[in-house]
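Q: Could you take a close look at one part of this structure with me? I would like to start from a single side chain and then see what surrounds it.

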Amino acid sequence: MVDSDIISRAELLQQAIATLQLSIQQIQALGEVAPPGCCVLRYQARGKKQAYWYYKLHATKPIFSTTQPNKLSKYKHLGKAGSPAHINAVLSVARRTQIDYLTECIDSLRQNWVDLYDSLKEKK
């Protein structure tokens, strides 16, 4: 006979996983999600009379298309602070961060479910 406490805890784990998966879907529905490992960085360009601050979406490896065929870049130029491209990139990185954290939580809960199942096998 299966322990009702184990069944109850397994159901709670599955409900928590489903809740987090729904949260991920809701975040994805809000807009573009940045690729993994991306961040928004500020950089300075010097003009003849002054320096200008610009922003770029920066990846850990070349993933962004360039004007040259078959060549990728680690950077995607976003323009000045507050430009639509800059704001969209910041929001997409924020969505990526949220999704990555929720995914880690789901992975942890799945491992907890495996641990629970293993404890059930040990009882037999």
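How buried or exposed is Trp-113, and what lies around the helix that holds it?

A: Happy to walk through it with you, bearing in mind that this is a predicted model. Trp-113 has a relative accessible area of 32%, so it counts as partly exposed, a class that runs from 20% to 50%. Trp-113 sits in helix 2, and together with Val-114 and Tyr-117 it makes a nonpolar surface patch of about 260 Å².

Helix 2 also has a part in the interior. The largest nonpolar core holds 13 residues, and Leu-20, Ile-24, Leu-102, Ile-106, Leu-109 and Leu-116 have the most contacts inside it. Two elements, helix 1 (4-29) and helix 2 (84-123), each give two or more residues to this core. Helix 1 is the one that gives the most, with 7 residues. For a view of one side chain in this core, try Leu-109: leaving aside residues up to four places away in sequence, it touches Leu-13, Ala-16, Ile-17 and Leu-20. Another core, of 9 residues, lies apart from this one, and Tyr-55, Leu-57, Leu-78 and Ala-89 are among its members.

Now for the strands. His-58 belongs to strand 2 and is buried, since its relative accessible area is 18%, against a limit of 20%. Leaving out residues up to four places away in sequence, the contacts of His-58 are Gly-37, Cys-38, Cys-39, Leu-41, Lys-74 and Tyr-75. From His-58 to Leu-41 the C-alpha distance is 6.6 Å, with their places 17 residues apart in sequence.

Strand 2 also takes part in an aromatic pair, and the structure holds 1 of these. Its partners are Tyr-43 and Tyr-54, whose ring centres are 6.1 Å apart and whose planes meet at 35 degrees, so the pair is tilted. Because Tyr-43 is in strand 1 (residues 39-46) and Tyr-54 in strand 2 (residues 51-58), the pair ties together parts that are 11 residues apart in sequence. Tyr-43 is partly exposed, at 25% relative accessibility.

One last stop is Asn-70, which is found in the loop between strand 3 (64-65) and strand 4 (72-73). With a relative accessibility of 86%, Asn-70 counts as exposed. Its phi is near 60 degrees, a positive value in a residue other than glycine.

Conventions. Residues numbered from 1 in each chain as written. Predicted model: local features only at pLDDT ≥ 70, side-chain atom pairs only at ≥ 80, totals over all residues. Heavy atoms only, no water. Core = buried A, V, L, I, M, F, W, Y, C linked by side-chain atoms within 4.5 Å. Buried < 20%, exposed > 50% of the residue type's maximum accessible area, 1.4 Å probe, protein only. Helix = DSSP H or I, 4+ residues; strand = E, 2+ residues; numbered from the N terminus. Contact = heavy atoms within 4.5 Å. Patch = residues over 30% accessible without salt bridge, like charges linked within 9 Å, V, L, I, M, F, W, Y side chains within 5 Å. Areas by Shrake-Rupley, 256 points an atom, 1.4 Å probe, with all protein chains shown as cover. Salt bridge = Lys/Arg side-chain N within 4 Å of Asp/Glu carboxyl O. Phe/Tyr/Trp six-rings, centres within 6.5 Å; stacked < 30°, edge-to-face > 60°.
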